[in-house]
Amino acid sequence: VFGTGEDLHIHHDGSNSRIAEAGTGHLILTSNGNGVLIQDFSSGQNMAKFLNGGAVELYDNYVKRLETNGSGINVTGNIQLNDNYKLHAGNSQDLQIYHDGSNSYIIDDGTGDLRLRGSEAVKIEDTSSGKPMITCTKNQGTEIYHQMGSAVATAEKKFETTTTGVT
């Protein structure tokens, strides 16, 4: 125990080691060098890095998975949100992407349009078969399909735009 008010505790209970700030302030780790590293004792591999004036890096199984940078964050791997948790974008959280346990949603609840852009095409496909449902192709038009039967069956084109109108 250290400090006038015995605020800093370093303790080992036979199973766990602890460093604790037991007063009214913060536990502050400072570095006058390159930063603060948290490493695995036996391997010396990084678990977390807090770099002076720069990035914070978090590791899983010694692989960097998340890091901050001057423009935001980089994530390596999947971002998983449980049911009913939303990914929000926009100052007023105008864009929402989420799954409610039964259905998946992309919602634009702002003042503008929801726009999908593709350099050559925008396609909506059946998830199990990959068969087209709607295809919008640059300089070729839009096609709407009807799914016929099971996931292995074909999708029949029922509507398409052409240079002269629709078929």
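# Working through an all-strand model

Take the contacts in this protein between residues at least 6 apart in sequence: just 1% of them join residues at least 24 apart. Keep that figure in mind as you go through the exercises below, and remember that the model is predicted.

## Exercise 1: Confidence

**Task.** Find the mean pLDDT of the protein, and say which element has the lowest mean pLDDT and which the highest.

**Solution.**
- Step 1: start with the whole protein. Its mean pLDDT is 91, and 98% of its residues reach 70 or more.
- Step 2: go down to the elements. Strand β2 has the lowest mean pLDDT, at 90, while strand β5 (residues 56-60) has the highest, at 97.

## Exercise 2: Overall build

**Task.** How many helices and strands are there in the protein, and how does its radius of gyration stand against that of a compact globule of 167 residues?

**Solution.**
- Step 1: go through the elements. You get zero helices and 15 strands.
- Step 2: look at the radius of gyration. A compact globule of 167 residues would come out near 15 Å, but this protein has 27 Å.
- Step 3: check the box. Along the principal axes, the C-alpha atoms fill roughly 85 × 35 × 30 Å.
- Step 4: turn to the surface. About 13400 Å² is accessible, and 49% of that belongs to carbon and sulfur atoms. Buried residues make up 8% of the 167.
- Step 5: go back to the contacts. Of those between residues at least 6 apart in sequence, 1% link residues at least 24 apart.

## Exercise 3: The hairpin of β1 and β2

**Task.** In which sense do strands β1 and β2 pair, and which residue in their hairpin takes a positive phi?

**Solution.**
- Step 1: find the strands. β1 covers residues 8-12 and β2 covers residues 17-21.
- Step 2: look at how they pair. The sense is antiparallel, over five bridges. Across from histidine 9, for example, you'll find alanine 20 in β2.
- Step 3: check the turn. Four residues sit between the strands, and in this hairpin glycine 14 takes a positive phi near 95°.

## Exercise 4: A sheet from β3 to β7

**Task.** What is the strand order of the open sheet that contains β3, and why is one side of β3 and of β7 left without a neighbour in the sheet?

**Solution.**
- Step 1: write down the order. The five strands run β3-β4-β5-β6-β7, with antiparallel pairing.
- Step 2: look at the edges. β3 (35-39) and β7 (72-75) each have a single partner strand, so one side of each has no neighbour in the sheet.
- Step 3: add the twist, which averages 10° from one strand to the next.
- Step 4: zoom in on one pair. β3 and β4 (residues 46-51) run antiparallel and are joined by five bridges. In this pairing, leucine 37 faces lysine 49 in β4.

## Exercise 5: Two residues in one loop

**Task.** Where do asparagine 61 and tyrosine 62 lie, and is each one exposed or partly exposed?

**Solution.**
- Step 1: place them. Asparagine 61 is in the loop between β5 and β6 (63-69), and tyrosine 62 is in that loop between β5 and β6 too.
- Step 2: look at phi. Asparagine 61 has a positive value near 55° without being a glycine. Tyrosine 62, also not a glycine, has a positive phi of about 70°.
- Step 3: apply the cut-off, where exposed means over 50% relative accessible area. Asparagine 61, at 62%, is exposed. Tyrosine 62, at 35%, is partly exposed.

## Exercise 6: The sheet from β11 to β15

**Task.** Which strands stand at the edges of the open sheet with β11 and β15 in it, and is threonine 135 buried or exposed?

**Solution.**
- Step 1: get the order, β11-β12-β13-β14-β15, with antiparallel pairing. The edge strands are β11 and β15 (165-166), and each pairs on one side only.
- Step 2: look at one end. Two bridges join β14 (residues 155-162) to β15, and the two run antiparallel. Threonine 162 has glycine 165 in β15 as its bridge partner.
- Step 3: visit β12 (residues 132-137), the place of threonine 135. Buried means under 20%, and threonine 135 has 8%, so it's buried. Beyond four places in sequence, its contacts include Val122, Lys123 and Tyr145.
- Step 4: compare isoleucine 124 in β11 (residues 121-125). At 41% relative accessibility, isoleucine 124 is partly exposed. Leaving out residues up to four places away, isoleucine 124 touches Pro132, Met133 and Ile134.
- Step 5: finish with a distance. Isoleucine 124 and aspartate 40 are 84 residues apart along the chain, and 46 Å separates their C-alpha atoms.

Note on methods: Residues are numbered from 1 along each chain as its sequence is written. This is a predicted model: local features need pLDDT of at least 70, side-chain atom pairs count only at pLDDT 80 or more; totals for chains, interfaces and linings use all residues. Side-chain values use heavy atoms; hydrogens and water are left out. Two strands pair if DSSP finds at least two bridges between them. Axes are lines fitted to C-alpha atoms, for helices over the stretch in contact, and angles run from 0 to 180 degrees between N-to-C directions. Buried means under 20% relative accessible area, exposed over 50%, partly exposed in between (1.4 Å probe, protein chains only). Contact means heavy atoms within 4.5 Å. pLDDT is the predictor's confidence in each residue, from 0 to 100. The radius of gyration is taken over C-alpha atoms; the globule rule is 2.2 Å times the number of residues to the power 0.38. Accessible areas come from the Shrake-Rupley method with a 1.4 Å probe; for residues, only the protein chains shown count as cover.
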